[in-house]
Amino acid sequence: MLDILRRIVQEVSSATDLSDALNVVVARIREAMHTEVCSVYLFDADSKRYVLMATEGLNPEAVGRVSLSSSQGLVGLVGSREEPINVDNAPAHPKFHFLSETGEDPFLSFLGVPIIHHKRLMGVMVVQQRDSRQFDESEEAFLVTMSAQLAGVIAHAEATGNILEMSGHTKERRSTRFNGAPGAPGVGIGTVYVLSPPADLSGVVDREAESADEEIQRFDAALQASRDEVRALAAKLSGELRPEEMALFDVYLSMLDDNALGAEVRTRIRETNNWAQGALRQVVMQYVGHFQLMEDVYLRERATDIMDLGTRILAHLQGSDAHAQERDFPADCILVSEELTPAMLGEVPASKLRGLVSVKGSSNSHVAILARAMGVPTVMGVVDVPYTQLHGLEVIVDGYRGQIYSSPTDELREQYQAIYDEEQALQQDLQILRDLPAETRDGYRIPLWVNTGLITDAVRSLDRGAEGVGLYRTEVPFMMKDRFPSENEQQKIYRQQLETFAPAPVTMRTLDIGGDKSLTYFPINEANPFLGWRGIRVTLDHPEIFLVQIRAMIKASEGLNNLRVMLPMISSVNEVDEALHLIYRAHAEVLEEGFDVEMPQVGVMIEVPAAVYQIRDLGQRVDFLSVGSNDLTQYLLAVDRNNPRVADLYQAFHPAVLNALKQIADGAHAIGKPVSVCGELAGNPMGAVLLMAMGYDMLSMNATNLPKVKSVIRGVNMAWAKDLMQQVLTLESAPVISATMQLALEKAGFGRIIGPAR
């Protein structure tokens with residue numbers, strides 16, 4: 001059966017449209033299961049009827065004409081139960097409904113399975129036979145497996161309007177939603193432009209070179225042209241990005257250096273006498289294959305960078321410089337590609353770019369980092385979208401939820417247009433809050449800090465009234481380089497952050513790699529990276545890396561003394577003791593070098609469930625505690641927050657998460673230690689109200705969210721917030737908690753601040 005299933009899936013995948021796909025399915029399943037009938041009924045949500053759309057064995061003239069209501073017949077029973085129905089005498093079943101137009105009266109045996117895509121019923125697949133028998137378990141399992149494959153095909157057809165064309169309907173296309181991962185917040189409404197690579201490296205064949213020197217000369221010219229191209233694309237973005245972010249293009253140029261990729265291709269040409277295209281393919285595919293085998297998301301995305309550069313060089317070698325051609329981008333461009341790269345952003349005029357969608361990639365990819373800096377709504381990892389068929393269609397990009405909608409209805413478009421308009425107006429209104437404190441109506445004051453990683457984040461944070469930095473991600477500068485930055489290089493980067501915010505405190509998290517963040521020059525290849533070698537575990541195993549970083553931080557704070565050091569992924573007191581020993585040692589060494597610097601405050605991140613139950617012991621060793629709510633939520637719920645397939649299960653308002661947060665705050669205050677939150681929950685106005693009521697001493701968030709959070713805090717009373725918290729902590733469901741918070745803040749007049757329910 002497995003071989004048969006594979007063949008059917010391959011044949012369905014190569015079908016030109018939905019009609020062909022359905023006809024292939026019913027014909028092949030009927031043949032594989034040795035039955036007399038196989039049919040597919042698609043569910044029309046508007047009319048709430050099942051329409052016969054393909055059959056092999058019933059009257060073909062009934063296709064598209066015969067339908068059943070949602071509660072009618074065995075087909076309706078399969079759909080309402082959303083489970084297989086397997087009977088050996090269908091006419092005797094109380095739910096049986098005879099359809100004379102189909103000619104089904106002689107068939108007794110019936111097996112129907114629902115076709116479901118992302119919890120939505122798409123239709124029902126049925127097999128029938130004259131003889132009275134129940135289909136066995138293997139046959140039922142086969143049909144269930146086939147229906148799961150067909151569900152994606154039908155969803156794709158909905159996205160492109162193919163279902164309507166097939167059925168002859170003239171009504172408006174139904175909007176179809178596809179889930180991904182949030183890349184950059186915001187709402188974008190526009191027309192899709194699908195951007196494809198300029199050349200196909202995988203299709204290049206090996207060919208013996210007539211002259212290795214001539215091939216090297218051709219390659220060098222293409223390499224130089226590619227460098228010029230990347231510089232030109234970077235120049236287009238220079239007005240949108242700051243120098244720290246533009247450094248991403250330096251990574252590209254370093255890969256294109258004569259002594260990097262260029263040297264390897266030249267060596268391959270000389271050693272194998274392969275022509276330039278073949279040698280380029282061999283070198284690039286070797287790198288790509290190496291990176292794609294790695295479990296780490298960030299490392300796998302480096303394969304995208306290498307492939308992008310390789311295809312650009314190949315385009316010049318082949319004389320098909322597609323990038324040099326002027327593309328006709330729509331005025332409201334939603335750029336879509338299988339794998340978006342930073343260089344692709346430079347091809348679209350900034351004035352036309354409304355949103356970005358990438359089939360592959362995550363929120364940590366280079367393109368997502370740039371998109372956030374540019375303020376372009378972005379969704380990454382939309383694995384199920386039929387992107388090649390979306391060109392020219394209207395879509396909505398929801399960068400908050402990580403969702404896109406193809407062919408939106410008028411009602412949906414109006415809803416998102418209203419959100420977009422509110423966003424624009426709100427940003428203007430919130431500007432007046434910049435220099436005002438986050439203080440409730442009854443006088444409770446809570447500092448609002450920011451999370452940063454790029455220097456642009458720091459500048460933007462000050463523009464929005466940040467009072468300090470609760471989390472500076474030191475791994476970002478490490479990611480920008482092709483080697484570990486030296487102590488002097490780190491010192492300069494850290495000094496810039498500390499000076500920008502001085503005298504306000506800056507909390508620098510020590511190098512936090514592993515999990516979904518890694519370095520190309522320091523690969524961590526693990527089967528389960530989130531439970532593996534990451535955070536403090538890596539740096540304690542490499543004290544030479546940890547000491548250099550701590551020394552650079554302490555030196556950078558000379559004369560400012562606004563540095564706080566934070567240790568990530570702590571799960572035991574032994575890790576804290578070992579880290580503190582190294583920090584004190586680094587401080588002593590810096591003093592010996594003649595620097596006049598104070599010992600910085602040291603804190604730990606509470607983001608592993610084990611740490612929740614060690615608050616007293618951990619807190620007695622350090623100066624402060626900070627909750628990383630993103631990872632804590634992920635670990636408590638066993639949900640990978642970057643996986644779009646389980647995105648609905650990542651619930652920041654889950655009762656277990658909220659109760660853990662309350663326990664942490666109570667535990668910290670019991671020993672007199674300040675405690676903060678530096679995850680996404682702090683930047684959610686609803687979450688911020690809850691955290692303030694729980695007693696957290698400070699909230700740190702992305703700069704974009706700071707004005708909204710401040711506005712809500714200034715508009716409520718602490719007593720009201722505590723009453724709401726007590727009510728919420730008694731609830732048992734995350735959706736109910738979220739809805740309760742939403743309603744409470746809407747009644748308080750903050751509907752436009754909190755926006756749509758997340």
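In the predicted model, proline 503 is found in the loop that connects α16 (487-501) with β17 (506-509). The peptide bond leading from alanine 502 into proline 503 is cis, and its omega is near 5 degrees. Most residues other than glycine have a negative phi, and most peptide bonds are trans. Two further loop residues are notable for their phi angles. Histidine 34, although not a glycine, has a positive phi of about 55 degrees. Histidine 34 belongs to the loop between α2 (18-33) and β1 (37-44). Its relative accessibility is 66%, and histidine 34 therefore counts as exposed, the threshold for this class being over 50%. Lysine 48 likewise is not a glycine and has a positive phi of about 55 degrees; lysine 48 is placed in the loop between β1 and β2 (49-56).

The chain as a whole contains 29 helices and 22 strands. It comprises 758 residues, of which 57% count as buried. When contacts between residues at least 6 apart in sequence are considered, 67% of them join residues at least 24 apart.

Strand β1 is mostly covered, with eight of its eight residues buried. In a regular strand the side chains alternate between the two faces of the sheet. In β1, both faces are covered: one side carries Val37, Ser39, Tyr41 and Phe43, the other carries Cys38, Val40, Leu42 and Asp44, and all of these residues are buried. Strands of a sheet pair through backbone hydrogen bonds, either parallel or antiparallel. β1 pairs with β2 in the antiparallel sense over seven bridges, and leucine 42 stands opposite valine 51 of β2. These two strands, β1 and β2, form a hairpin with four residues between them, and the turn includes lysine 48 with its positive phi. β1 is also joined to strand β6 (residues 120-129) by six bridges, the two strands running antiparallel. Within this pair, serine 39 has valine 126 of β6 as its bridge partner.

An open sheet is formed by eight strands, arranged in the order β7-β14-β13-β9-β10-β11-β12-β8, with mixed pairing. Its edges are occupied by β7 (176-179) and β8 (181-184), each of which pairs on one side only. On average, neighbouring strands of this sheet are turned by 30 degrees against each other, direction ignored. One pair in the sheet consists of β11 (residues 353-358) and β12 (residues 378-380), which are parallel and share three bridges. Serine 358 is positioned opposite methionine 380 in β12.

Serine 358 is also one of the residues touched by glutamate 338; the others are Val359, Lys360 and Tyr387, with residues up to four places away in sequence not counted. Glutamate 338 itself lies in the loop between β10 (333-337) and α11 (342-345). With a relative accessibility of 34%, glutamate 338 counts as partly exposed, because this value falls between the limits of 20% for buried and 50% for exposed residues. The C-alpha atoms of glutamate 338 and valine 194 are 8.7 Å apart in space, although the two residues are 144 residues apart in sequence.

Helix α23 (residues 655-670) takes part in two of the helix crossings described here. The first partner considered is α22 (residues 629-637): the axes of α22 and α23 come within 10 Å and cross at roughly 125 degrees. Angles of 115 to 145 degrees are neither roughly perpendicular nor roughly antiparallel, and α22 and α23 are therefore oblique to each other. Their crossing is right-handed. From α22, the contact involves Leu632, Thr633, Leu636 and Leu637, while α23 contributes Ala656, Val657, Ala660, Leu661 and Ile664. By class, the contact between α22 and α23 comprises eight nonpolar residues, one polar residue and no charged residues.

The second partner is helix α25 (residues 685-694). The axes of α23 and α25 come within 9 Å and cross at roughly 35 degrees, and this crossing is right-handed. The residues in contact are Leu658, Leu661, Lys662, Ala665 and Asp666 of α23 together with Leu690, Leu691 and Met694 of α25. By class, the contact of α23 with α25 contains six nonpolar residues, no polar residues and two charged residues. Leu661 of α23 thus appears in the contact with α22 and in the contact with α25.

Methods: Residues are numbered from 1 along each chain as its sequence is written. This is a predicted model: local features need pLDDT of at least 70, side-chain atom pairs count only at pLDDT 80 or more; totals for chains, interfaces and linings use all residues. Side-chain values use heavy atoms; hydrogens and water are left out. Two strands pair if DSSP finds at least two bridges between them. Axes are lines fitted to C-alpha atoms, for helices over the stretch in contact, and angles run from 0 to 180 degrees between N-to-C directions. Angles under 35 degrees count as roughly parallel, over 145 as roughly antiparallel, 65 to 115 as roughly perpendicular and the rest as oblique. A crossing is left-handed if the near helix is turned anticlockwise from the far one by less than a right angle, and right-handed if clockwise. Contact means heavy atoms within 4.5 Å. Ala, Val, Leu, Ile, Met, Phe, Trp, Tyr, Cys and Pro count as nonpolar, Asp, Glu, Lys and Arg as charged, and the others, Gly among them, as polar. Buried means under 20% relative accessible area, exposed over 50%, partly exposed in between (1.4 Å probe, protein chains only).
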